[in-house]
Amino acid sequence: MKTYDYRFDVNGIELTSAVSPCVWMYPDYPLQISVQFKGGGVAYLKNPQKTWSTTTEQDVIDLASTVKLQPCSRCSKPAYDPATVETNRGGLCESCFISDLDAKFQKLVKQEEEAVRRRDRSMRKKGYTHRVSGWVHPAMGEDMNMDWYFEGLPSKAQIEKALREAGSQVLNDYQEPIEI
């Protein structure tokens, strides 16, 4: 089997590229390569006119050589130039992108925790004392996370019954009951 890996230099920074596995796994998949530099994350480039059977090493080199770097719009570290490579970084370096992503995630976590606290308070007022969080694994379709409330500490059998009634094929994928 032919494989192509390529190392090249952009403004003094070594980038590596490799043909994505999907290209040789699926006969008519267009040429796609990954490009990466140390601390820079991964970006992808495609050539829809080429497939694995028609790709040469020079095609990979030509495609990889179109990648350009630019200073991060926030901190000036190297970042992919979005005009030259497919990336969701928006001109940010990997550190700044991950920092923004983490901040968004932490905000969502706080919102979810507050929503659970509000729901717990509401259920407590209705007489429930414990919450069990678990995953419902249906025979068909996607798994889903659910919460159940109980009046008193639930037994294993009660939790399994709740999972079964929700359509789960797995009856042990839950967290221990939490007193609310």
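Select serine 34 to begin: tyrosine 44 in S4 stands opposite this residue. The model is predicted, with local features needing pLDDT of at least 70 and side-chain atom pairs counting only at pLDDT 80 or more, while totals for chains, interfaces and linings use all residues. Residues are numbered from 1 along each chain as its sequence is written, and side-chain values use heavy atoms, with hydrogens and water left out.

**Strands S2, S3 and S4**

Now show strand S3 (residues 30-37) and strand S4 (residues 42-51), an antiparallel pair with seven bridges. Strands here are DSSP runs of E, at least two residues long, and helices are runs of H or I of at least four, numbered from the N terminus. Two strands pair if DSSP finds at least two bridges between them. Proline 30 has threonine 51 in S4 as its bridge partner. In the hairpin, four residues lie between S3 and S4, and glycine 39 takes a positive phi near 80°.

Next add strand S2 (residues 13-19), which runs antiparallel to S3 and is joined to S3 by five bridges. Serine 34 in S3 appears again here, opposite alanine 18.

**Sheet S8-S7-S9**

Move on to the open sheet of three strands, ordered S8-S7-S9 with antiparallel pairing. Its edge strands, S8 (144-150) and S9 (178-179), each pair on one side only. Select strand S7 (residues 130-136) with S8 to see seven bridges between antiparallel strands. One place to zoom in is glycine 134, whose bridge partner in S8 is methionine 146.

**Helices across the sheet**

Display helix H3 (residues 94-125), which lies across S7 and S8 at about 30° to S8. Then display helix H4 (residues 156-165), which also lies across S7 and S8, but at about 135° to S8. Axes are lines fitted to C-alpha atoms, for helices over the stretch in contact, and the angles run from 0 to 180 degrees between N-to-C directions. Contact means heavy atoms within 4.5 Å.

**The largest pocket**

Finish at the largest pocket, with a volume of about 170 Å³. A pocket is an open set of points on a 1 Å grid over the protein atoms alone, where a 1.4 Å probe fits, with protein on both sides within 12 Å along at least five of seven lines; lining residues have an atom within 4 Å of a point. The volume is the space filled by probe spheres set on the points, which are joined across faces, edges and corners.

Select the lining, including Glu112, Arg119, Arg131, Trp135, Asp147 and Tyr174. H3, S7 and S8 each supply at least two lining residues, and S7 gives the most, with four. By class, the lining holds three nonpolar, four polar and five charged residues. Ala, Val, Leu, Ile, Met, Phe, Trp, Tyr, Cys and Pro count as nonpolar, Asp, Glu, Lys and Arg as charged, and the others, Gly among them, as polar.
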